[in-house]
Amino acid sequence: MRYEYTPEQLAWRDEVRGFLKKHVTPALVAEMRLAGNEGDGPLARAFHRKLFDKGWWAIGWPPEYGGLGKRAVEQFIFIEEMERAGAPGMRLSVTSVAPAIMRAGTEEQKKEWLPKILSGEVDFAVAYSEPDAGTDLAALKTRAVLDGDEWVVNGQKMWNTGAHTATHNWVAVRTEPDAPRHRGISMMIVPMDRPGITVQPIYTWSRIRTNAVFFEDVRVPRDHLVGERGMGFYYAMMALDFERIALGSVGLLRRFFDELLAFVRRTKRDGKPLAAIPWVRRALADLDVRIEVGRQLGLLNAWMIDRGEVPTKEGSMAKVYVTELNAHLAATGMEILGLAGQLAPDDPAAPLHGRLQWLYTTAPLQRFGGGTNEVQRMIIAQRGLGLPRK
Amino acid sequence: MHLALTDEQQAIQQEARRFLAAEITRERRLAWDATPEGHDAAFWDAVARLGWFGFGLPERYGGQGASLVELGLLVEECGRAAAPFGVFAAIAGGLALARLGTAAQRRAVLPAVARGEAVVALAVAEARAAAEPRAFATTVRRRGTALVLDGEKQFVLHGAAADHYLVAARDGAGVSLVLVPARTKGVAVRPQRTFGQDRQAAIRFRRVALPATALAGAPRTAWPRLEAVRRELVALLCADMVGGADAVLDMTARYVCEREQFGVRIGTFQAVQAMVADMAIALEGARHVTRQALWRLAHRRPAAREVAIAKAWTGRAYRLMTLTAHQLHGGAGYVVEHDLHRYSARAVEGELLWGSTEEWLGELAGTLGLRAPA
């Protein structure tokens with residue numbers, strides 16, 4: 001037992017911290033604030049280039065594919081430091097799609113796609129949901145039919161975030177209409193420049209743009225179906241699993257907490273320092289406790305991955321807990337800011353640049369996205385504690 | 001970062017679990033409820049033979065020198081079994097004397113403690129003071145080279161059965177610790193009946209004359225040392241609560257898998273599954289913040305923040321878990337024959353003991369660099 005990072009892990013953390021201190025400039029942070037955290041501005045792209053040059057673009061990939069082969073706890077440390085520094089987030093292509101290709105793809109597919117993902121030449125959006133297939137992903141209807149050497153794709157995807165900038169789409173399609181519904185889905189790489197694709201913007205409460213994407217007789221080369229036909233549902237779940245290391249990260253919450261703490265230390269209200277108001281002190285201490293609990297759940301999840309265990313229950317625990325803490329921290333933080341808590345990010349007087357509002361508005365997405373918290377709780381109860389399905 | 005237990009640590013857990021499951025039968029527990037000590041001599045002797053009372057004490061005093069991590073695992077099992085709280089109290093009291101006593105006091109008392117033949121009880125709280133020594137009414141004065149102790153301590157764990165009291169008393173502008181044999185003239189014991197039936201006591205000291213050698217450590221400067229030990233005991237208490245919370249989750253998950261209503265097992269209901277899942281999340285957090293606190297203390301890392309987090313989270317989580325467990329057990333868990341109420345009462349006591357959730361949150365706020373209110 002050791003409730004402390006090893007000297008090697010600490011050295012890695014310090015190395016990451018040093019790099020971020022140098023390269024996450026106030027100008028970059030300001031750009032991200034205005035871009036709604038999508039990280040698509042010129043400074044964010046320049047930062048990603050620096051990460052790439054440093055060899056930190058794909059820290060979790062095995063070395064044979066050009067990665068650093070960092071273990072889950074080291075990845076957890078990296079993500080925590082990135083979030084805490086306010087750096088632009090990593091790309092789903094690298095953290096989620098590529099690992100699924102490594103596991104499921106043929107040798108040819110790995111040779112074809114992984115180097116392009118690594119170089120940034122190929123960037124994926126992820127297309128799972130549909131108007132009538134959200135939490136129940138296996139209800140999806142978008143279909144692909146083989147016609148000679150090409151698949152012909154028809155249907156509609158929802159919440160296809162990044163589809164308007166991505167070069168490719170990682171699409172779950174039904175290829176086996178007669179198979180049981182979980183067994184009839186395949187994963188397909190659809191280049192976004194194919195004729196027949198229409199991208200329609202959807203703007204969300206948090207200002208993040210997402211998309212509805214329509215496929216009308218879109219022709220895709222046969223070899224763009226990844227892995228085995230009919231196994232796509234499981235590959236999609238696998239891709240979600242890879243996002244789990246990031247799920248338990250409380251780096252972002254720590255960043256907000258530190259900013260809130262600094263605000264409380266320097267602010268007076270009604271002639272009294274905020275730091276002297278008992279409920280404010282209590283609220284901050286309580287947040288500190290809750291964030292540390294979240295960190296422990298995230299670490300447990302990452303540590304189990306490194307042990308070769310499948311942290312089904314633990315991953316769900318971290319997801320539920322941390323996403324709900326996002327909402328709690330945002331609400332508590334805005335309450336501490338008082339009336340100024342409602343000032344919009346573009347109001348120059350907004351404390352913390354209105355960032356708590358951004359957190360507040362992204363928190364619902366955190367809770368229902370990536371597998372709703374209701375489903376996660378069922379996973380914990382059924383798969384973790386043996387409660388009956390029926 | 002390494003969260004697994006060693007084989008040796010697992011063996012500590014397994015042996016303790018087996019022993020307590022075999023010893024604490026329903027019949028025995030009901031019989032204990034009717035005794036003033038809350039258990040019998042045969043049980044105490046069996047625990048003593050296993051060496052638990054000396055497990056965390058230094059080897060030179062007959063102990064086994066286990067670290068707080070290992071001791072925590074043992075205490076966790078006591079909590080899981082809702083073992084008589086006197087066992088925890090005796091372990092805690094022995095540890096307190098090992099940390100705070102003089103060499104002569106340790107030599108004189110600890111070997112008997114390690115054998116389970118003597119119990120040391122830490123006596124700090126009073127009717128109107130718990131954590132602010134300036135508010136203590138209990139005082140120690142000098143008469144020549146001798147000392148005179150006056151006052152009353154309350155909520156002394158296992159106080160009625162203790163052989164020695166380690167008493168924190170106001171001494172001029174500071175606080176001194178004195179070790180008082182229970183049979184000294186002027187010491188009177190009044191049992192306090194608590195919710196958790198764990199045999200606490202008020203100890204009255206009326207002009208108790210003590211030799212200068214009764215002082216534990218340098219006079220008037222005991223408070224910081226006592227605070228440091230309190231942190232260790234709090235972390236151990238958290239381990240007791242983690243064990244108890246684990247047992248509560250376990251019995252609840254089993255119950256909802258068996259109980260049928262409307263022709264189905266109630267564990268199939270999504271509302272029930274969500275409640276059980278939330279219990280599991282709270283517990284997993286408690287387990288790791290507690291082990292983190294114990295590990296840091298055992299390895300001499302700064303741990304004030306981690307202990308505060310462990311106590312604030314674990315006490316609240318355990319208590320709320322027992323309430324959810326009552327809701328899910330319905331009438332089946334409400335009857336006195338069911339053990340659930342033992343955990344529920346103990347959770348309340350655990351949350352109150354040695355600083356409540358709110359008090360530890362206040363302590364934590366102080367470490368955040370927030371200027372305290374004037």
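Start with two pieces of chain A: select domain 2 and domain 3, whose C-alpha centres lie 32 Å apart. Keep in mind as you click around that this is a predicted model. To colour chain A by its domain assignment, use residues 7-90 for domain 1, 124-231 for domain 2 and 243-384 for domain 3.

**Stop 1: where the chains touch**

Show both chains. How many residues of chain A are in contact with chain B? The count is 43 residues of chain A, which meet 40 residues of chain B. Now select the elements that each give two or more residues to chain A's side: helices H9 (251-266), H10 (278-306), H11 (312-337) and H13 (373-384) of chain A. The largest share comes from H10(A), with 15 residues. Try colouring this side of chain A by residue class: you should get 27 nonpolar, 6 polar and 10 charged residues.

**Stop 2: two helices crossing**

Stay with H10(A) and add helix H9 of chain B, residues 304-329. Two packed helices are described by the angle between their axes and the distance between the axes. Here the axes come within 10 Å and cross at roughly 90 degrees, so H10(A) is roughly perpendicular to H9(B).

Which residues make this contact? On H10(A), pick A:Val289, A:Glu292 and A:Val293; on H9(B), pick B:Ile309, B:Ala312 and B:Trp313. In this set, 5 residues are nonpolar, none is polar and 1 is charged.

**Stop 3: A:Asp288**

Next, click on A:Asp288, also in helix H10 of chain A. Is A:Asp288 buried or exposed? It counts as buried, because it has 22 C-beta neighbours inside 10 Å, and the cut-off for buried is 20 or more.

Now look at who those contacts are. Leaving aside neighbours within four places in sequence, A:Asp288 is in contact with A:Phe257, B:Leu364 and B:Leu368. So that you can try the distance tool, pick A:Arg254 too: A:Asp288 and A:Arg254 are 34 residues apart in sequence, and their C-alpha atoms are 8.5 Å apart in space.

**Stop 4: A:Leu359**

Move over to helix H12 of chain A, residues 355-368, and find A:Leu359 there. A:Leu359 has 24 C-beta neighbours inside 10 Å, so this residue counts as buried too.

Show its contacts, again skipping neighbours within four places in sequence: they are A:Phe256, A:Asn326, A:Leu329 and A:Ala330. For another distance, choose A:Leu253. A:Leu253 and A:Leu359 are 106 residues apart along the chain, yet their C-alpha atoms are separated by 9.3 Å.

**Stop 5: helix H13 of chain A**

Select H13(A) and highlight its buried residues: A:Asn373, A:Gln376, A:Arg377, A:Ile379, A:Ile380, A:Ala381 and A:Gly384. What do these residues pack against? Turn on H11 and H12 of chain A, plus helix H8 (270-298) of chain B, and you have the partners. Then step just past the end of H13(A) to A:Gly386, where phi is positive, at about 75 degrees.

**Stop 6: chain B as a whole**

Hide chain A for a moment. In cartoon view, chain B has 11 helices and 9 strands. Its C-alpha atoms fill a box of roughly 80 × 50 × 40 Å along the principal axes. A compact globule of 374 residues would have a radius of gyration near 21 Å, and chain B's value of 21 Å agrees with that.

Of those 374 residues, 52% count as buried. If you take the contacts in chain B with a separation of 6 or more, 74% of them join residues 24 or more positions apart.

**Stop 7: inside chain B**

Finish by colouring chain B by its domain assignment: domain 1 is 7-118, domain 2 is 121-220 and domain 3 is 223-367. Zoom in on domain 1 and domain 2 of chain B, whose C-alpha centres are 23 Å apart. Here 19 residues of domain 1 are in contact with 19 residues of domain 2.

Which helices should you select on the domain 1 side? Helix H5 (85-100) and helix H6 (103-114) of chain B each supply at least two residues, and H5(B) gives the most, with 9. By class, this side of domain 1 has 11 nonpolar, 6 polar and 2 charged residues.

How values were computed
Residues numbered from 1 in each chain as written. Chains lettered and ligands numbered in written order. Predicted model: local features only at pLDDT ≥ 70, side-chain atom pairs only at ≥ 80, totals over all residues. Helix = DSSP H or I, 4+ residues; strand = E, 2+ residues; numbered from the N terminus. Rg over C-alpha atoms; globule rule 2.2 N^0.38 Å. Buried ≥ 20, exposed ≤ 12 C-beta atoms within 10 Å, placed from the backbone. Contact = placed C-beta atoms within 7 Å. Domains from an automatic or database assignment. Nonpolar A, V, L, I, M, F, W, Y, C, P; charged D, E, K, R; others polar. Axes fitted to C-alpha atoms, helices over the stretch in contact; angles between N-to-C directions. Parallel < 35°, antiparallel > 145°, perpendicular 65-115°, else oblique.
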